[in-house]
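Let's take a friendly walk through this structure, with an eye on its charged pairs and on how its chains meet. Here it is.

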2 protein chains.
Amino acid sequence: MSLPEISPRRPYHHGKLKQALVEAALALAEQAGAENVTVREAARRAGVSPGAPFRHFPDRESLMAAVAAEAQRRLRAEIDGALGEAPKDPLARFRAVGLAYLRWALRNPAHFQIISTHDLFDHERSEVLSQDNAKIIGMTEAALAEAAAAGLLAHPDLRLVRLAGRALVYGFARMAIDGHFPRWNITPEEAPRLAEALLDLFVGAIAKKPSPVAEDGSPIAGGSSRSSA
Amino acid sequence: MSLPEISPRRPYHHGKLKQALVEAALALAEQAGAENVTVREAARRAGVSPGAPFRHFPDRESLMAAVAAEAQRRLRAEIDGALGEAPKDPLARFRAVGLAYLRWALRNPAHFQIISTHDLFDHERSEVLSQDNAKIIGMTEAALAEAAAAGLLAHPDLRLVRLAGRALVYGFARMAIDGHFPRWNITPEEAPRLAEALLDLFVGAIAKKPSPVAEDGSPIAGGSSRSSA
DNA sequence: ACCTGAACACCGTTCAAGT
DNA sequence: ACCTGAACACCGTTCAAGT
C-alpha cells in the first residue's frame, strides 16, 4: 500500500512562494476574472497547502495589492517604452502616453482592473504601486504642464484640462473593461483605432489653434484615424 | 420551557419577499459596498431562511441584476426630472443629462457601480435594465444628433464626439467610485462643481464657435462654475 | 524559518420536509 | 404556492504540529 520514499516528493520548502503566488494570481485573474481570484486556488497552483500563503501575506487583500503592484510595474514598463520613441512636442508626448496606457488596458483588462479598482485591496497600502503610479501620472502631468507653459493650450485652466484628459482616457479603458463596447457596437478589433482617434480629438480640442481661420483650410488636428506610432 | 403560541411569530409566508430582498440588497450595497452584498445577509434582513431567496432568484447574479434594474430605474427618474427643466438647446440638454447622471453617481456610488460593472451580474439578462439604459443613452444621443443636424458641432465625426462625451462622463464617475479623487486632491465637496466645469469644457470644445473672434468678448461657453440648474 | 492539515465561521446553492 | 432547516462544496483565516 505505501510507496517507498524514493518518489521525488515536492520539497517541503517552496523557496520562492511569495513570487509564485503573485504569478499564479495574475494568471488566475486573466483566466477567471479579477474578482474570482482566490487565495486557495493560488495556493493550489503554487503547489502548497491552503494556509501557506498566510505566512507571506497577512490577508487576501495584501496578496491582491502585491498583484496590483506587479501589474502596475508592467504597465509602467510599456509606457516607458512608448515614451522612449515619442517626439519632443509635449502634446505628442501626452498622446503617446495615453495611447500606450489604453493599448495595455485593452490587452490586459483583468490586470488593469486590479490596478484601478480599489475594492479589491485596501487603500494605498502598497508603496511600490503608488510610486509606479505616481511616475505614470507624472509623465502626463509633465507633458501637459509643459504644453501650458509653452502657450500651446487653448483653455486657461490647466487643472481642468488635466482632469478632462484623465477622465477621457480612464473612461474609455473602463468602458472596455466593464463590457460597454458591445452595446455601442464597438468591436475589439477597432477599439485601438478608436482610442487613437479619441486622443487626437482631445489633443485637437485643447490645443490652441494656429490662427482663427486658416485660409488654406488645412485640417489642424484630430480627424479620422490614420496609422501612426 | 416552551412559550405558548400567543407570540406573534412572523408569518410563514412573507408576501413580498422578492421586493424585500432587492431593497435589502440595495441597502447592503450602500453600507458594505457593492461587492459585499450577500444572498444570506439579504435573506437575514428580510427575515427569511438562507434558502428562501432561491425561490425567487435562480442565483446570486439574478438578484444582483434585479438590484441593478431598480438602481437604473432610480437613475433614470433623476435624469427625467432634470431634463424636464432643461432648455431646448440641444447642447444644453446634453449638459443637463450629463450633470444629472454625474450627480446621481456621486451620491450613490455603490448603486452606480452595480449598474455599470458587468462583473456582478451576467450580461444583459435583465430587460428592464437594458430598456431603462437605452432610454438614458437615447436622451444624450438625441441631443447630440440634434446639435449635429443643426450644424452646432465643430467636429465632423458625430460618432467620435458621442464616444468622447460618454468616456469623459463615465470616466469621471468611475474615478470617483474607484477612489481616485483623494490622489488628485479632489474633495467630495468640490466634485459636483468639477463635474459641471468638465461638462462646460466639453460642450465648449465640441461646439462650433459663433465667430472667430467675438468683438464683445462675451463668454460663449465653458469657463468656471456658476450656479445653474 | 517555512509548510501541513485540521479546524472554524462564512457563503452559494439544493432539497426534502413542513405550513 | 411559499418557506424552513439541514446538508454539501467552497472560501478566508488560524494554529498546533511537523520538517
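## A buried charged pair

Arg95(A) and Asp200(A) are both buried, meaning under 20% relative accessible area with a 1.4 Å probe and protein chains only (over 50% is exposed, and in between is partly exposed). Their side chains meet in a salt bridge, 2.5 Å from N to O; the term stands for a side-chain nitrogen of Lys or Arg within 4 Å of a carboxyl oxygen of Asp or Glu. This pair links distant parts of the chain, 105 residues apart: Arg95(A) sits in helix 4 (residues 90–107) and Asp200(A) in helix 8 of chain A. Helices here are DSSP runs of H or I with at least four residues, numbered from the N terminus. Arg95(A) and Asp200(A) also belong to a network of salt bridges with Arg103(A) and Glu196(A).

A word on the ground rules: this is a predicted model, in which local features need pLDDT of at least 70 and side-chain atom pairs count only at pLDDT 80 or more, while totals for chains, interfaces and linings use all residues. Residues are numbered from 1 along each chain as its sequence is written, chains are lettered from A in the order in which they are written, and side-chain values use heavy atoms, leaving out hydrogens and water.

## Other pairs within chain A

Where does Arg44(A) find its partner, Glu41(A)? Both lie in helix 2 (residues 39–46) of chain A, 3 residues apart, about one turn of the helix. Their salt bridge is 2.3 Å from N to O. Arg44(A) is exposed at 53% relative accessible area, whereas Glu41(A) is partly exposed at 22%.

Glu141(A) and Arg162(A) form a salt bridge too, with their closest N and O atoms 3.6 Å apart. Glu141(A) is in helix 6 and Arg162(A) in helix 7 of chain A, so the pair ties together parts that are 21 residues apart in sequence.

## Where the chains meet

The contact (heavy atoms within 4.5 Å) draws 41 residues from chain A and 41 residues from chain B. Between chain A and chain B there are 4 salt bridges. Arg174(B) pairs in a salt bridge with Asp178(A), the closest N and O atoms being 3.1 Å apart. Helix 7 of chain A gives the most to the side that touches chain B, with 14 residues.

## How the copies are related

A turn of 180° with a shift of 0.0 Å along the axis lays chain A on chain B with an RMSD of 0.0 Å, superposed by least squares on the C-alpha atoms of residues with pLDDT of at least 70 in both. That is the relation of a two-fold axis. Gly171(A) comes closest to the rotation axis of the residues of chain A, at 1.7 Å (C-alpha).

Terms used
Helices (H or I, at least four residues) and strands (E, at least two) are DSSP runs, numbered from the N terminus.
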